[in-house]
Amino acid sequence: MTSKVVSGVYAAVLTPRLADGNIDESALTKLIHFLLSKGISSFAMNGATGEFCLTTPAHLRTILLTVQRASQGKANILCGVGAPGSALAIEFASIAQEMGVQGLLLPMPSFFPYQQEDLDLYCREVAKSTDLPVLLY
């Protein structure tokens, strides 16, 4: 088994949204350009500051594509794949891997009272579904 390593400092980036809940691509592009102008090129997307609990698979694709376009493909990206269950988290992980991110941020589902064994299984299921490093978030 090979080691999956992520290193460096990543800026946690908020995800601007429109009134209808969709991604504000223009505002996100401006934010990424601003961060790049300050020398920041590694981003943690769709984490707690991105309100991951509101993100759909289509939103996640939009977020990652917008960051890639704004950075001209030069950004390092960690992608939050938080979800209330493993099936959706695995779908998010698949999208993130397909979009070329460097690693995944996996928060624990927190909507129900889970047992430790449930959380362990959740983490293992998501981690085995991807070749990317998975950081517990």
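**Helix packing and a five-stranded sheet**

Pro57, Leu60, Arg61 and Leu64 of helix α2 meet Leu88, Glu91, Phe92, Ile95, Ala96 and Glu98 of helix α3. By residue class, this contact of α2 with α3 divides into seven nonpolar, no polar and three charged residues. The model described here is a predicted one, and this contact is a good place to begin a tour of it.

Two packed helices are described by the angle between their axes and the distance between the axes. For α2 and α3 (residues 86-98), the angle is about 25° and the axes lie 10 Å apart. The angle of about 25° makes α2 roughly parallel to α3, because angles under 35 degrees count as roughly parallel. The crossing of α2 past α3 is right-handed.

Arg61 deserves a moment of attention here. This residue is found in helix α2, and it is one of the α2 residues that meet α3. Leaving aside residues up to four places away in sequence, Arg61 touches Ile95, Glu98 and Met99. Is Arg61 buried, exposed or partly exposed? Its relative accessible area is 34%, so Arg61 is partly exposed; the buried class lies under 20% and the exposed class over 50%. Phe111 is 50 residues from Arg61 along the chain, and the C-alpha atoms of the two are separated by 24 Å.

Helix α2 (residues 57-70) also packs against helix α1 (residues 25-37), at an angle of about 45° and with the axes 9 Å apart. That angle makes α1 oblique to α2. Here too the crossing is right-handed, with α1 passing α2. Which residues make the contact? From α1 come Glu25, Leu28, Thr29, Ile32, His33 and Leu36, while α2 supplies Thr62, Ile63, Thr66, Val67 and Ala70. Sorted by class, the residues of this contact of α1 with α2 are six nonpolar, four polar and one charged.

The strands come next. Strands of a sheet pair through backbone hydrogen bonds, either parallel or antiparallel. In this model, five strands form an open sheet with parallel pairing, in the order β1-β2-β3-β4-β5. At the edges stand β1 and β5 (134-136), each of which pairs on one side only.

The sheet can be followed from β1 to β5, pair by pair. Strand β1 (residues 11-12) pairs with β2 in the parallel sense over two bridges, and Ala11 has Phe43 as its bridge partner in β2. From β2 to β3 there are four bridges, and these two strands run parallel; in this pair, Ala44 stands opposite Leu78 of β3. Strand β3 then pairs with β4 in the parallel sense over three bridges, with Leu105 of β4 as the bridge partner of Gly80. Three bridges likewise link strand β4 (residues 103-106) to β5 in the parallel sense, and there Leu106 stands opposite Leu136 of β5.

How much of these strands is covered? Strand β2 (residues 42-45) is covered on both faces. Ser42 and Ala44 lie on one side of β2, Phe43 and Met45 lie on the other, and all are buried. Two of these residues have already appeared in the pairing of the sheet: Phe43 as the bridge partner of Ala11, and Ala44 opposite Leu78. Strand β3 (residues 76-80) is mostly covered, with four of its five residues buried.

Two loop residues complete the picture, and their backbone angles make them worth a look. Most residues other than glycine have a negative phi, and most peptide bonds are trans. Asn46 is not a glycine, yet its phi is positive, at about 60°. Where does Asn46 lie? This residue sits in the loop between β2 and α2. Its relative accessibility is 0%, so Asn46 counts as buried.

Gln72 also has a positive phi, of about 55°, although it is not a glycine. The loop that holds Gln72 is the one between α2 and β3. Is Gln72 buried or exposed? With 64% relative accessibility, Gln72 counts as exposed. Asn46 and Gln72 thus fall on opposite sides of the accessibility scale, the former buried and the latter exposed.

How values were computed:
Residues are numbered from 1 along each chain as its sequence is written. This is a predicted model: local features need pLDDT of at least 70, side-chain atom pairs count only at pLDDT 80 or more; totals for chains, interfaces and linings use all residues. Side-chain values use heavy atoms; hydrogens and water are left out. Axes are lines fitted to C-alpha atoms, for helices over the stretch in contact, and angles run from 0 to 180 degrees between N-to-C directions. Angles under 35 degrees count as roughly parallel, over 145 as roughly antiparallel, 65 to 115 as roughly perpendicular and the rest as oblique. A crossing is left-handed if the near helix is turned anticlockwise from the far one by less than a right angle, and right-handed if clockwise. Contact means heavy atoms within 4.5 Å. Ala, Val, Leu, Ile, Met, Phe, Trp, Tyr, Cys and Pro count as nonpolar, Asp, Glu, Lys and Arg as charged, and the others, Gly among them, as polar. Buried means under 20% relative accessible area, exposed over 50%, partly exposed in between (1.4 Å probe, protein chains only). Two strands pair if DSSP finds at least two bridges between them.
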